[in-house]
Each structure stands twice: as structure tokens, then as C-alpha cells.
Amino acid sequence: MSWGDLYSGIPIPDHDSRPEFNPPEVYWVPTVAPSGLIIYSSVMFPKWAGNTFIGGLRSQSLLGIKITGDQAEEVERFPMEKRIREVEQGPKGQYGFLNIKKVAVFCGFVHMNE
């Protein structure tokens with residue numbers, strides 16, 4: 001397995017090269033190019049409470065990550081067909097995503113009963 005190369009062409013070393021660093025709990029090959037991140041803290045979507053959500057630039061998706069103790073795993077992936085640059089939680093618990101091309105576009109999930 002390879003961690004890839006730096007822009008200079010030098011191979012990226014394994015994560016155990018320095019004791020003060022921990023290896024990643026979740027990673028993707030090929031990369032999803034993670035962007036904004038939130039830890040969902042509302043009750044609007046109870047099954048997501050406490051989960052982490054990450055925007056994907058290359059994957060063009062929103063990734064749901066469940067963290068249990070010091071373990072993390074991707075549990076959901078929502079295809080957005082746009083590069084997700086930022087993820088936010090609104091005041092009522094709704095999600096917001098920013099897709100920036102020439103103009104910022106806000107889109108998001110809302111609870112069906114609202």
C-alpha cells in the first residue's frame with residue numbers, strides 16, 4: 001500500500017514515522033478529497049446524532065462517518081454530483097452544503113415534516 005507522493009515526487013512515509021502522530025482512522029483510495037466537517041448535534045435526524053459529516057470534493061458526495069471510541073467508519077455516502085466545499089448544520093438541525101463554482105450555491109436536507 002502506498003500513501004502516495006508529495007508534489008515534489010518524494011514518497012509520503014508511513015504514518016508510524018513519528019511517534020507523536022496517529023495513523024488516520026478512515027481514509028479513501030482514491031481520495032474523496034475531504035473538505036468541510038461537522039459533528040451532527042441535533043435531534044432532527046436522530047439516527048445521525050453524534051455522527052461526523054464530511055464534504056467530498058473529488059467524490060462529489062457527502063460522507064457520513066460514525067465514530068465509536070477511537071474507531072471511525074464510513075456508514076453513508078450521499079451522491080451530490082457537485083464538489084462539496086463546506087458542510088454546516090443549521091439552527092434547527094438541517095444540513096447545509098456549499099458548492100462553489102462561479103457562484104456559491106446553498107442546498108441541503110430538511111426534515112420532511114417542516
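Which residue in β4 does Lys66 stand opposite? To find out, let us walk through this predicted model from the whole chain down to single residues.

We can start with the overall make-up. The protein chain has 7 strands and 0 helices, so reading along the sequence gives you the pattern β-β-β-β-β-β-β. Of its 114 residues, 26% count as buried. The accessible surface comes to about 8100 Å², and carbon and sulfur atoms account for 57% of that area. As for contacts, take those between residues at least 6 apart in sequence: 38% of them join residues at least 24 apart.

Next comes the sheet. Here 4 strands form an open sheet in the order β1-β2-β3-β4, and the pairing is antiparallel. At the edges you will find β1 and β4, the latter covering residues 71-79, and each of these two pairs on one side only. Neighbouring strands of this sheet are turned against each other by 25° on average, direction ignored. While you look at the sheet, it helps to keep a general point in mind: in a regular strand, side chains alternate between the two faces of the sheet.

Now follow the pairing from strand to strand. Strand β2, made of residues 52-56, runs antiparallel to strand β3, made of residues 61-68, and 5 bridges join them. A good place to see this pairing is Gly56, which stands opposite Ser61 in β3. From β3 you can step across to β4: these two strands also pair in the antiparallel sense, over 8 bridges. This is where the opening question finds its reply, for Lys66 stands opposite Glu73 in β4.

The link between β3 and β4 deserves a look as well. Together they form a hairpin, with 2 residues between the strands. In the turn sits Gly69, which has a positive phi of about 65°.

Finally, let us turn to the part of the chain that comes before the sheet. Leu6 lies in the segment before β1, a strand that spans residues 34-39. Is Leu6 buried, partly exposed or exposed? Its relative accessibility is 45%, so Leu6 counts as partly exposed; the partly exposed class lies between the buried limit of under 20% and the exposed limit of over 50%. Leu6 also has company on the surface: with Ile10 and Ile12, Leu6 forms a nonpolar patch. Together, these three residues have about 250 Å² of accessible area.

Note on methods. Residues numbered from 1 in each chain as written. Predicted model: local features only at pLDDT ≥ 70, side-chain atom pairs only at ≥ 80, totals over all residues. Heavy atoms only, no water. Buried < 20%, exposed > 50% of the residue type's maximum accessible area, 1.4 Å probe, protein only. Contact = heavy atoms within 4.5 Å. Areas by Shrake-Rupley, 256 points an atom, 1.4 Å probe, with all protein chains shown as cover. Patch = residues over 30% accessible without salt bridge, like charges linked within 9 Å, V, L, I, M, F, W, Y side chains within 5 Å. Salt bridge = Lys/Arg side-chain N within 4 Å of Asp/Glu carboxyl O. Pairing = 2+ DSSP bridges. Axes fitted to C-alpha atoms, helices over the stretch in contact; angles between N-to-C directions.
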